[in-house]
Every structure is written in structure tokens, then in C-alpha cells.
Amino acid sequence: MQNVVERVLNLLIYLLESPVPVTSNEIRNTVHGYADQSDEAFHRMFERDKQVLRRLGVPIKLEAIDAWEIDEGYTVDPDEYAIPDPGLNQEERVALSVAGRMVRLGGTEAGVGALIKLGGLERGAGIEPLAADLGTGAETLGELFGAVSERRKVGFEYRGHHRPVEPYGIAHRRGHWYLVGRSPDGERMYRIDRITKLEVGEQPGAFRKPKGFDIRAVVDSQPWEAGPDPTVDVTVRFAPDLAWWAARSLGLPEPEGELTAVVPVSNVDAFVGWVLSFGSSAEVVGPDELRNAVATRVSEALERST
């Protein structure tokens, strides 16, 4: 799956950067991933990759290469592919900047250049990431994506236990990727960067996804509300600078100053990751075991960075 994603991205970059339309033979000989294929395999892969890009909204066109319109080549007009200025207001730019610093995939930095093009960072903000460095979990994410799309059962180690799971879908929530699926204990969410020793079943179509399954409904229940831990009511105090963002996340009215909220937690890992995404603007008031869990996560992160 990772090779497919890399090949499709290479194809898109090549088409965007080429000043003239390019033939399929030029694509085959230039884009990494095609050259070693037989004629039949190349055409099959190329057709699939074009369909993927078109489903993503990429305007791939066939245009004449010469004045006699005998030969045609593929091209993507950068002006057609580029998004128009969305006209974000200050509050929307703040939210986008916070989200950009929360999400990283495979250790890559947040797209500061893209944020500047969309109107700039929020005033006084740094460019350091707040959370969600997937790191070595990037490969796991790719394998799980393939298992979800082909309906293959998976097994993995999670929180010290082996978990057999029918993977229903993958979702991103507040800086982390989650797998949603059914285990022997029922429907569960698993943070992907916590998954180890992943094994993907060989049989495609090994299970049926429930009719009407809506991953958004599961994820919107808050990742810390779906988990194996006993439910605990946790009191959190948010500073005024990000209290409005916490209120929106929790479905509460926006406060004028700081916000103190009681959050039901059934997944300590997910809750701690979310609280830390607010940096020093969030404080767990109680109970003590949750305060200690946050402090332990911060200490571990500091040890890894030294």
C-alpha cells in the first residue's frame, strides 16, 4: 500500500511540474514504480492510478502534443488544481494553525509554508508541533488502511494484550490516528501509534462491516470515551487563550475567560494525548491518578528528547 501511495504522488508531482503534456511512455520511463513492469502490468497500474487521482479531484487531461493532433499527452494544469483563497477570518486561521501544529505524519514538520499562504499563523504562535508525531507508526497506518479496504482481519499487541480485530475504518482525531473495529469485547477504538506486532490476515473479505456503520458517529463520541478503562470523571481547567477551542471540542458553550470542564474518560491514553495537545493551556485538576498520568507522559517525552 505504501508503494501505491508513493507512486501516485510521484505521478501527480511529475504531471504538475512538466511544462508540456507527457505521453504514457514518458511517464513509464520517468515515474518511479512503473519502469520495471510489463506492458500489460504498466497499463493496468497506470489506469488505476489515474482513476485514484481523478476521484481525488485532480484534473488530469489529455492534450495534443503537436499541431497535427496526432499524439496526445497527459497534463495537470496547476491553476486548475490549486484551491482558491478561502478567505479565512482570524479565528479560522488560529484553528488551522493549531491543527497544523498538532498533526504530523511520519515525523515530518507541520506545513508552515502552506499556513502562511492561507493567511498566516496566529499572532505570537510558535511553529513547534503540539502533538501527533506518528513516527514509526506511518508504516502501520498504511498496512491497516489496506486491511480496512480489503476487509482483512488483523491482530496486534495493544496495552500489553493481544487484540484480534475486524477493522472497520481509520479516522484522525485531535492529532492522532485511530483504528475503529470489532474485537471479542465489542466495538473499540485503538490509537495506531500504540499498536505493535501487527499481523494482517491473508484472506480478503473475511468479515462484513455492519450495515449503516458510520465511523464519524463513533469518532465523534470522543476517543477518550471509547476504551477498556473504567470510566472516570476528570476535571480539566483550560486557560482563556484556548478555552474556546476546548469548548468547541467538548460541545460546550464558548466561555468568555477560562473554562473548567468535567470530562468522562474511558481511554486514558487518548485523554492524555488530547490534554497535552493544549500545552500549558490545560491543567488536569483531578483525580490524582489522571494528573499523574499526564505528568508521566510529559516526563517520558522529555527523556526521549534528551
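Accessible areas in this document come from the Shrake-Rupley method with a 1.4 Å probe. The structure is a predicted model.

**Exercise 1.** State how much surface the protein exposes and what share of that surface carbon and sulfur atoms supply.

*Solution.* The exposed surface comes to about 17,500 Å². Carbon and sulfur atoms supply 50% of this area. As for the interior, 38% of the 306 residues count as buried, a class that requires under 20% relative accessible area.

**Exercise 2.** Identify the residues that touch the most other members of the largest nonpolar core, and the elements that give two or more residues to this core.

*Solution.* The largest nonpolar core has 27 residues, and Trp224, Phe238, Phe271 and Trp274 touch the most other members. Two or more residues each come from strands S5 (176-183), S8 (232-238), S9 (259-265) and S10 (282-286), and from helices H9 (240-250), H10 (268-276) and H11 (288-305). Apart from this core lies another of 16 residues, including Leu11, Tyr34, Ile60 and Tyr74.

**Exercise 3.** Determine which residues phenylalanine 238 contacts, leaving aside its neighbours within four places in sequence.

*Solution.* Contact requires heavy atoms within 4.5 Å. On that basis, Phe238 is in contact with Ala243, Ala246, Leu250, Glu258, Leu259, Ala261, Trp274, Phe278, Ser281 and Ala282.

**Exercise 4.** List the buried residues of H9 and describe the residue that follows this helix.

*Solution.* Leu242, Ala243, Trp244, Ala246, Ala247, Ser249 and Leu250 are buried in H9. An α-helix has 3.6 residues a turn, so residues three or four places apart point the same way. After H9 comes glycine 251, with a positive phi near 70 degrees.

Technical notes: Residues are numbered from 1 along each chain as its sequence is written. This is a predicted model: local features need pLDDT of at least 70, side-chain atom pairs count only at pLDDT 80 or more; totals for chains, interfaces and linings use all residues. Side-chain values use heavy atoms; hydrogens and water are left out. A nonpolar core is a set of buried Ala, Val, Leu, Ile, Met, Phe, Trp, Tyr and Cys residues joined through side-chain atoms within 4.5 Å. Buried means under 20% relative accessible area, exposed over 50%, partly exposed in between (1.4 Å probe, protein chains only). Helices (H or I, at least four residues) and strands (E, at least two) are DSSP runs, numbered from the N terminus.
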